[in-house]
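The following exercises concern helix packing and ligand contacts. Each task is followed by a worked solution.

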Amino acid sequence: MKTYLVTGGAGFIGSNYIHYMLEKYGQAIHIVNLDSLTYAGNLENLKEIQELPNYEFVKMDICNKEDLASLFQKYNFDRIIHFAAESHVDRSIKNPDVFAATNIMGTLNLLNAAKKAWESKDGFLPDKRYLQVSTDEVYGSLDDGDGYFYETTPLDPHSPYSASKASADMLVKSYIDTYRFPANITRCSNNYGPYQFPEKLIPLIINNALQKKSLPVYGDGKNVRDWLYVRDHAKAIDMVCEMGELFHIYNIGGHNEKQNIEIVKTILDTLLELLPESDARRAGISYDLIQYVGDRKGHDRRYAIAPDKIRSEIGWEPETMFRDGIRLTVQWYLSHEDWMKNVTDQSYMKYYADMYGKR
Ligand code: NAD
Ligand code: DAU
């Protein structure tokens, strides 16, 4: 039985990954979910699996080296999937410090703990893997038109968030180059799907539309993001871990570039399509809610991932077409209004206290 350390497993992608892995492997794997439960960590995302004997939650901060050392004393991890991060660009513009602390120093702490645990007289113990979950934002921004990010594209981060993620990637690279530390880096495009915190564009627009609040579109609304359904990302991470060439970087994306304004309109269309006329939530949902607001500082214009390498070397392809994924996503939020309410009124913060005694 392989033991996985998943950091940041109470967040959006981490919790989707844990669900995916437990559905795929069942009792054949053991998952330890390490999360410090910042505002972005929500254990409600995992309530269906919290009693499973092969799943454990550990409340821990990756910035705390002593706690990490004791965790690595207790477990013999085979896989480390490092999601934990401060992830929101707008927050990084207002408060960069915590991004440097968690995304850079937290990653260094984790690398050191894993290196120490996995070192052997011949290098590293066999069949160990560390996977750094990175982002296409480290490549910077593309102009309107053609052009893609490849694994060989030079890093050119612009926001404090992307600079901190690029720094973490460089640290992982340095551990590979210096120690032959058994790691991979994946760089994925924008994810969407269940359990995404409603500060990010898609859940924010769904939630605001249902509340009949204005829908803020930054700048001219023509910035482009390359959207991937979160479960496809989870599958890609698993495939890279098991089939990827050790030490390599893999881009993950599905050639699904959309302007922000197109995303906002698609969400409104989908809400109107899914909500019956008799449903009170339907009234007042229209394009009139859209409000153009001031632009994000340093707003990257366009992201577009070239996923050729992961497709040709590993055989990964996205399975969810955007029109299906956005329908599934809107449907999920419509049928999980309690989840959204608990997040927006902050009662989700109590969930841990109720489950484990204190937050
Ligand atoms: P998220 O903000 O939803 O979740 C992050 C999780 O990390 C939370 O549960 C939080 O409590 C935890 N965390 C934060 N600081 C911590 C610390 N110091 N110690 C332990 N846990 C801590 O983020 P997400 O959107 O799920 O992103 C997960 C990872 O994927 C990040 O590394 C992000 O950079 C990367 N990524 C995200 C996207 C995207 O579209 N969301 C795309 C590509 C890559
Ligand atoms: O590309 C991968 C990245 O995608 C991840 O590394 C980040 O962790 C993740 O947060 C995401 O970053 P973005 O900045 O692209 O996502 P966000 O949802 O914040 O914004 C998407 C686009 O929508 C972006 O061009 C800004 C715009 N936007 C966002 C918000 C919150 C708006 O127009 N209005 C908004 O209210």
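A polar contact is a pair of N or O atoms within 3.5 Å. The model examined here is predicted.

**Exercise 1.** Identify the residues that come nearest to ligand 1, and state which atoms of Ile13, Asp35 and Asn191 approach an oxygen atom of the ligand.

*Solution.*
1. There are 29 residues around ligand 1, and the nearest are Ile13, Asp35, Ser87, Tyr161 and Lys165.
2. For Ile13, a polar backbone atom lies 2.8 Å from an oxygen atom of ligand 1.
3. For Asp35, the atom concerned is an N or O atom in the side chain, 2.6 Å from an oxygen atom of the ligand.
4. For Asn191, a polar backbone atom is 2.9 Å from an oxygen atom of ligand 1.

**Exercise 2.** Determine how helices H8 and H10 are oriented to each other, and which residues make the contact.

*Solution.*
1. H8 spans residues 260–274 and H10 residues 322–334; their axes come within 10 Å and cross at roughly 60°.
2. Angles of 65 to 115 degrees count as roughly perpendicular; H8 and H10 are therefore oblique to each other.
3. The crossing is right-handed.
4. H8 contributes residues including Ile263, Ile267 and Leu271, while H10 contributes, among them, Phe322, Ile326 and Val330.
5. By class, this contact of H8 with H10 has 8 nonpolar, 3 polar and 2 charged residues.

**Exercise 3.** Determine how H10 and H11 are oriented to each other.

*Solution.*
1. The axes of H10 and H11 (residues 337–344) are 6 Å apart, at an angle of about 70°.
2. The two helices, H10 and H11, are therefore roughly perpendicular to each other.
3. Trp332, Tyr333 and Leu334 of H10 meet Glu337, Trp339 and Met340 of H11.
4. By class, the contact of H10 with H11 has 5 nonpolar, no polar and 1 charged residues.

Key
Residues are numbered from 1 along each chain as its sequence is written. Chains are lettered from A and ligands numbered from 1 in the order in which they are written. This is a predicted model: local features need pLDDT of at least 70, side-chain atom pairs count only at pLDDT 80 or more; totals for chains, interfaces and linings use all residues. Side-chain values use heavy atoms; hydrogens and water are left out. Axes are lines fitted to C-alpha atoms, for helices over the stretch in contact, and angles run from 0 to 180 degrees between N-to-C directions. Helices (H or I, at least four residues) and strands (E, at least two) are DSSP runs, numbered from the N terminus. Angles under 35 degrees count as roughly parallel, over 145 as roughly antiparallel, 65 to 115 as roughly perpendicular and the rest as oblique. A crossing is left-handed if the near helix is turned anticlockwise from the far one by less than a right angle, and right-handed if clockwise. Contact means heavy atoms within 4.5 Å. Ala, Val, Leu, Ile, Met, Phe, Trp, Tyr, Cys and Pro count as nonpolar, Asp, Glu, Lys and Arg as charged, and the others, Gly among them, as polar. A residue is near a molecule or strand if one of its heavy atoms lies within 4 Å of it. A polar contact is a pair of N or O atoms within 3.5 Å; within protein, one must be able to donate a hydrogen and the other to accept it, and residues adjacent in sequence count only if both atoms are side-chain atoms.
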